[in-house]
Structures are given as C-alpha cells and as structure tokens.
Amino acid sequence: MPFYAHRFERRYYLLSAHLAGVAVGAAGRVAELPKKEELFPAALVAGLAHDFGKYSGYFQEYLRTGRGGPEKQHALLSGLWAAYLAQRLALPPEQQLSLFLAVARHHQDLIDPEEYLVPRRDLVGDWAELDFNTRERLRVTAAQVADLQSRAGAVAVSLRTAARRAAGLLASRGLPVYAWLRGDWAGTLAEFLDNWKDAYAALYSIWRRHKREAGPAGSRHAGGTDLSVYFDLLTLFSALIDADKIHAARVGEAGRMPIPRDAIERYRATRYGRPCTAIDALREGLYRRVMERIRRAPLEQKLFTLTAPTGAGKTLAGLAAAFCLRERLAERRDIPPRIIYALPFTSIVDQTFAVGEEVLRVALSIPEGHIPNSWLLKHHHLAEPTYREAGNREAERSVNEALLLIESWQSEVVVTTFVQLFCTLVGFENRMLKKFHRLGGAVVILDEVQNIPVEYWPLVEESLRQACAHLDLRVVLMTATRPEWFSPGEALELAGDAETVRRQFAALNRVRLTADTTPRTVEEAAAAFLDQYNEGRSYLVVLNTIKSSIAFYSILRDAWRGHGPALYYLSTNIVPAERERRLAEIRECLARGEKPVVVSTQVVEAGVDLDFDAVWRDLGPVDSVVQVAGRCNRHFRREQGHVQLLHLVDGDKQGRRSLASYVYGKIHTVVAQRLFASRPCLAEPEFFEVVADYFRAVRQSKSAAESEAILQAMAALRFTKRGGDEALKGVSDFALIRELPQYVEIFVCTDAHAEAVWNQYQATVARERDIRRRWAAFLELKRDFRRYLLSVPAELLLHRLPGESHPPVIPRYLVDEFYDKETGFRRIEHEGALVY
C-alpha cells in the first residue's frame, strides 16, 4: 500500500521519496560544514526519520479527508524513531538527544526538553497519575505504535525504499553511503515498536546527565560555558527544517556562484583616482593596511577587528577583507564560505546593500538592473520578498519560493540585521533557525557592534568566541567606537597596530565637541539654539524622545513662520515611507549647497550618510554622541564643524529627570554625564580614548548576570522557561529589541497610495480564509504595507478609531485628527520615550 507525505490539491507525494530527499538534503547541508564527519550520519538519520509518524493510519486518513484527532500528529513519534536509530548506530548520547529534539520539534520552535521527556518510572507506572499533557502524549504515542504494528510489513517496505533511494542520491552527489542504509528495516522497525518505551526512557537519562554537566558547576571549560551540544543541536535542527521546507515546497535550490576575490579592487580602479584630499588619503591608507594584514593573517585566526574613524571607508575595506579571506579559505576547503554582513538598523542595511550592488555591477560588468540574489541578498523584515536568478535578469521566483530561499541564506553575500543574525546564533524560533547551518565556516562582518545592548556584551562575545571554535566562523568587528571585547591579542586589528590606529584617529580633526551638562528644558534649549543659529550653516539637532523632538521642532517652526531655512523633522513618529522621502530630500538639499535645519531622534545616528556644518545633541552614551558627530563635517568640506552637547530634562520641577534616562537607562546616562562634565571640550582626535574610557566604565557598572543566565540556558538546552522561576532564564529571553508594553501597530493612510495599499490588503489578505493564500498575498504587499505602519501607545487609540480591523487603521478622512503631516502621530500630552 502507498504511503503519502503531502497533498497539494489533488496530487499526492510519496512518503518514501520525501524521506529520502530530505535525508540527502539535510546531510548535504552538513557536508559543507566544518564538523561534517561528526554530524553527517546524524543529519542523514534526521531526514530519514523526520516524518516517520506519517506512516500511521491516523495521518494517512487525515491526508485524504482533512479530518483527524491528536493521533494524526507525527513529530513526537518520529523523534523517538530518530533517537532509536541513533542508538542502534552507536551515535553519541548527546546526538541521540539532539536528534529527538530536532525531529520532535521540526514544525515548531525548540522548547525545554523537560516538556517532552519522561522518566522510566512514569513510563512503566500508572499513566492516570501523570499530568494531563504527559498522559495524553503517551496515550497518543501508544495508539500510533499499535496502529503501525498492524501495518508493519508495508511500512518496512517503504522504509527500505526510502533508505535505498537515499543511498542512490548520496552516491550520485559523491557523498558517503553507509551499509546500514541497505540493512534489515523490517527487524529494526519491529524492535522499535516493541521497545519504544525503553528508547523514550533512555532519552530522559541522557538529558538528566547533560543537565548536570551543563549546570553552573559542570559546564565550564577553558573559555567559559560549553556550548558544543547547543551548536550541534541547532546545526541538525537547521539542516533538517531547511531541507524539509525546501523539498516539501518543490523548490529548486540556488546554486553556488563564484565571485572574484579582486571584485573590490576592480571597483576601486574604476571609481577612484589618486587621493586628492585628507579624507581620500585616510581611506586609501586604511584600505591598503587592511588588505596587507588580511593577506598575511594566518588562516587559523578567527577574530578580527577593524577600527577606524567615521567616513574612513570601513565598508569597502571590510568587504575587501572578507572577499580575500573567502578566497584563501576556499583554497583549503574547496567550498568558498559565505559572507554575512550584519548591521543594527534596516536603513543602513539598505545603504550597505546598495554599495554591494554597485561593487558587483562595476566589478563584474553587469548592466543596469538587479544583481542576482544568488550573489547578493538583502534580508530584513522590510525587504522585498523577491529572488532573481543569475544568468537571466528576467527570471524571478514566486513569492513562496523566494521567501524560502531568502530565509535560508543561500546567497554568497548576505546583508542583514543584528536581529536576524543574533536571534539565529542565540535562537529557538523555527523560522530564525532555518539558516543557522549557513553560519558554518562563514565570514561574518559585524558593523557598529556598539549598538548591541551592553547587558548582552558578555553573551555575544562568548557566543561568537565559541561559534568560531565549533562552527569555524571568521568574525570581523567593525566600528569607529568599538567596545573592548575579547582578550588582549585574541583579535587581529586589521587597521594596524595600536599606535597606527591612534594615529589615524589623530590625523582627523573635522569636529570639535562642546558639552554643557547644565540641566535645561526643551524650551530653554530651543531658545539657546535660536539665539546661536547662523544662517550660513546647516544644522542637525538630535534629541532622545519623540515628545522633546516634536516640541523643539514646533518652537523653531513657530519662530521662523516660514521665513527661515528649510526645516525638516525626522523620527519614528512619521511613517517609514515619509521618512525615506524626507531623507532623500535632505540629501539633495545638502548636495545643492543649501543650509537646512533637521530636527530628529536617533534615526540618523549611525550609518546614515548625511553631512552638516553643525550638530546639536541631547546627552546620550558617549559612543552615540560620537556617532552623531560623524554627521558633522563628515567629508572634510570645511575647516572644522561644531558639535554642541546639551542636557535636557523634563519639565517636572519635582524630579527634573534627564530625558536620556528614559531611553538609555540610569547607568549609561550617569556615566556619560560624569565623563562629559569632566571633559567639556573635546576635539575629534580625543574621541577614541574617551569612548574607550566610557565603555570600560559602563561595563564595570553593568551586571553580566543576564548574559550569564542565557549562556547557561544555551548550554542546558533550556530554550523556553518552564514553571514560575523567573530567575531561571531560557534562550527565548534573549531579545535585541525590547517590545514596548502597551504599544500597538497602526496603519496610517497618509496619502492615496497608502489608501490603495490598505484596500488591497483588505481585499486580498484580510478577507482570505485560506491560510496559505492569505500569507502569499501578504508577502506580495509586505514591503509597501509596512511603510505605512507606526508603533504608538495603545491608550491614545482607545475607543477612538472606527471598526475593528487588524491592525487598526487611520483612514484618510481621519488622518488630520490623528496625524500631523509634519511631525506624525499626534501624541497629545503623552510622555513617551519611543526611539528608533
């Protein structure tokens, strides 16, 4: 009798073919990784076992009719089968546990193993005394086992077919073929069905032993908490779920595409001539030093830093180093590593991606149009879900295919966000972990790492260190204000020795910073600005909260009444589409030599390529102040720019709380205030040492407890918290972006295009009952849709909007009531500290 894995409309797909395809797909992914010899058999088992539970009559009936109870679920039984096969093949106990977890959760997020595992005494005892979830899980498994015993002969034939088909596919790809693939599947199946409780109980014992060894007293090795089992589990889980989703969707995988190691050199030769200015000379010198040092670096070196002033050309230098390292490693491995370039914000992801596109277009003589995504991929939540093939500029994958390829990072160079990277490295979510195996052997560039919350520095530092060891990563930390991570001598500085790095910072004196830490209200600060304003200068004013930025902007607007300079407002209080338009207009305005005034929150702080004559900034972390100083006289077009630091407080005479503390917390604010009070006048050459002093002070003041707790959770495979112990962290507690409580996303119909997008969303997404079609329709709209979303305090919308749409919508006829065309969402008297 035939057994099926999937059905699409009226077509059924054989389970044996799917098991074989996923087995070879998962094993093939692992074969490209540094630990391929250790994990290859386990990946093969994961693929062959992952849908074993679909052999039950319960699932086959569900597939035909769409009806079925809990017995149709297949993942848990498949996980037990995977663990049993691993035990028979004498795979290490930790791999047996990892295979069970990977297969049992291959359609879901990873969780604490304790949610599933059962001690032997409970398995052989009275199930009626167990908690409901455990009792129900065991009842379902026993029913499925009984059903399989009734059809064991046919199941064994299909398993043998799957194994032999896998053997043939492995041989055709030049991958190892094991004798056990052609073994006695009937006998193995019979033994499992008779002894499944023993297999289940063995997993509990393995987990208990691992939990003891991973505890505070037993998890330490030379470098800290041992994450080797965690990394192996995520590798197997990732290879399995990626291969499964790709095979089930019948998606052809993107092939590897060679990129010349001298792509950056070709680009530079075409675009740049001899250095003519001081900044040109700085960029040329940095580039040459970086290339010289990366060519001479031993291939065993895993950690690199690239520290250089803002505007010194770090992006091109870092990419060139990555390409060079990629080619050197390819000569050793035969497989070129992928390059993953991660940044903190989507705006600078887009900007860096544009640089990558231009480099490849020029270097490879590609005519105008999109660079194939198999070469270069942009991945963040606002990126378009499109995937274009190499060799045919018109070819484009369907939305569903594109999403699968994008989320699995099949491209040679991936430009993405810290959220995508670090929630994969420190991850538990199925959709994030699909790409984990692509980290194996990769060259990872981390740009502007100081934007990672300081409480996570020890976590990120240790995770990267061990990822280098277990996944054979090469990591380049790249910034103008690098926190002191890693031990002395552990990372190789590509910009030169310590004295050379200091000299390159000292060589530039583009700005002078004056700090006045006297507390002022927004009104007092705006009055001071108007008093000192010079119409011959362009200005950028960066404030910490939306409320203060709107108040400051409004005071300037009312004072000038349309007769002053071009005045712009930027913050996350205006929809992304309008922010993009204003940024483009500001760039054009500055390029024409005009002198606008821009009032903003921190959306312009890092990576946004704007250049002003003067910058005013509210008190903030020293590295953030230095970052925004990089928007002043950035390209050395004038003798020296001026950065004015203020200290804004709220208007409450009782507290006079620093507005910076609403955003950055007390520790950052106090340390920065003390440092600027002691050094109220700084020239750019002094920034390097001042930032180093600040990072040391903050790190000493900030507890490492949260990082340590999550590292312990990773080592113990505790992906989610269980029970009410709030002190016991899970991997799921890691969050680079903190969700603001009581905030909601709303769609704002600011113009006719937004209204058309909303109407299309209602017609093709909101009213579509089929989940797959609804998701596909949303992906088509996703980029345009999110460009009109705002996150706002829920209390400001309570009972004020018509209808009950999801998300809430501000229709065009109500826009003026809720949304100011200049400053965005009307916050009335609400004190908010929403940033970015």
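Mentor: Before we look at the sheets, one term: two strands count as paired if DSSP finds at least two bridges between them. Also keep in mind that this is a predicted model.

Trainee: Okay, so how many bridges link E12 and E17, and are they parallel or antiparallel?

Mentor: Strand E12 (residues 511–520) and strand E17 (residues 641–648) share seven bridges, in the parallel sense. One of the partnerships puts Leu 513 with Val 643 of E17.

Trainee: And what does E12 do with E18, parallel or antiparallel?

Mentor: That pairing is antiparallel, with three bridges joining E12 to strand E18 (residues 681–683). Leu 513 turns up there too, since Leu 682 is its bridge partner in E18.

Trainee: Let's move to E5. How many of its residues are buried?

Mentor: Strand E5 (residues 303–307) has five of its five residues buried.

Trainee: Which side chains point which way from E5?

Mentor: Leu 303, Thr 305 and Thr 307 go one way, and Phe 304 and Leu 306 go the other. Both sets are buried.

Trainee: Which strands does E5 pair with?

Mentor: E10 (residues 474–479) runs parallel to E5 over five bridges, with Leu 306 standing opposite Met 478. E11 (residues 492–493) is parallel to E5 as well, joined by two bridges. There, Thr 305 has Glu 493 as its bridge partner.

Trainee: Switching to pockets: what's the volume of the second largest one?

Mentor: The second largest pocket comes out at about 930 Å³. It is lined by 35 residues, and those closest to its centre are Arg 283, Gly 311, Gly 313, Lys 314 and Thr 315.

Trainee: Which helices each supply at least two residues of that lining?

Mentor: H11 (263–271), H12 (278–296), H13 and H14 (346–363) do.

Trainee: You mentioned H13. Why does its length agree with what a helix should span?

Mentor: H13 (residues 314–333) has 20 residues, so at 1.5 Å a residue it should span 28 Å, and its end C-alpha atoms are indeed 28 Å apart. As for cover, 15 of the 20 residues in H13 are buried.

Trainee: What comes just after H13?

Mentor: Asp 334, with a positive phi of about 75°.

Trainee: What about H7, how far does it reach?

Mentor: Helix H7 (residues 132–150) has 19 residues and reaches 27 Å between its first and last C-alpha, close to the 27 Å expected. At its start, a side-chain oxygen of Asp 131 comes to within 3.2 Å of the backbone nitrogen of Asn 133.

Trainee: Which H7 residues are buried, and what covers them?

Mentor: The buried ones include Thr 134, Leu 138, Thr 141 and Val 145, and there are charged ones among them, such as Arg 137 and Asp 147. The cover includes helices H3 (57–65), H4 (75–88), H6 (120–124), H8 (152–172) and H9 (185–213).

Trainee: Any general rule for reading a list like that?

Mentor: An α-helix has 3.6 residues a turn, so residues three or four places apart point the same way.

Trainee: Last one: why does Thr 235 count as buried?

Mentor: Its relative accessibility is 3%, and the cut-off for buried is under 20%. Thr 235 belongs to helix H10 (residues 228–248).

Trainee: What does the Thr 235 side chain reach, and what does Thr 235 touch farther along the sequence?

Mentor: The side chain reaches the backbone oxygen of Phe 231 at 2.8 Å. Leaving aside residues up to four places away in sequence, Thr 235 touches Val 30, Leu 33, Leu 39, Phe 436, His 437 and Leu 471.

Technical notes. Residues are numbered from 1 along each chain as its sequence is written. This is a predicted model: local features need pLDDT of at least 70, side-chain atom pairs count only at pLDDT 80 or more; totals for chains, interfaces and linings use all residues. Side-chain values use heavy atoms; hydrogens and water are left out. Helices (H or I, at least four residues) and strands (E, at least two) are DSSP runs, numbered from the N terminus. Buried means under 20% relative accessible area, exposed over 50%, partly exposed in between (1.4 Å probe, protein chains only). A polar contact is a pair of N or O atoms within 3.5 Å; within protein, one must be able to donate a hydrogen and the other to accept it, and residues adjacent in sequence count only if both atoms are side-chain atoms. Contact means heavy atoms within 4.5 Å. The expected span of a helix is 1.5 Å times one less than its number of residues. On a 1 Å grid over the protein atoms alone, a cavity is a set of points where a 1.4 Å probe fits but cannot get out, and a pocket is an open set with protein on both sides within 12 Å along at least five of seven lines; lining residues have an atom within 4 Å of a point. Grid points are joined across faces, edges and corners, and a volume is the space filled by probe spheres set on the points.
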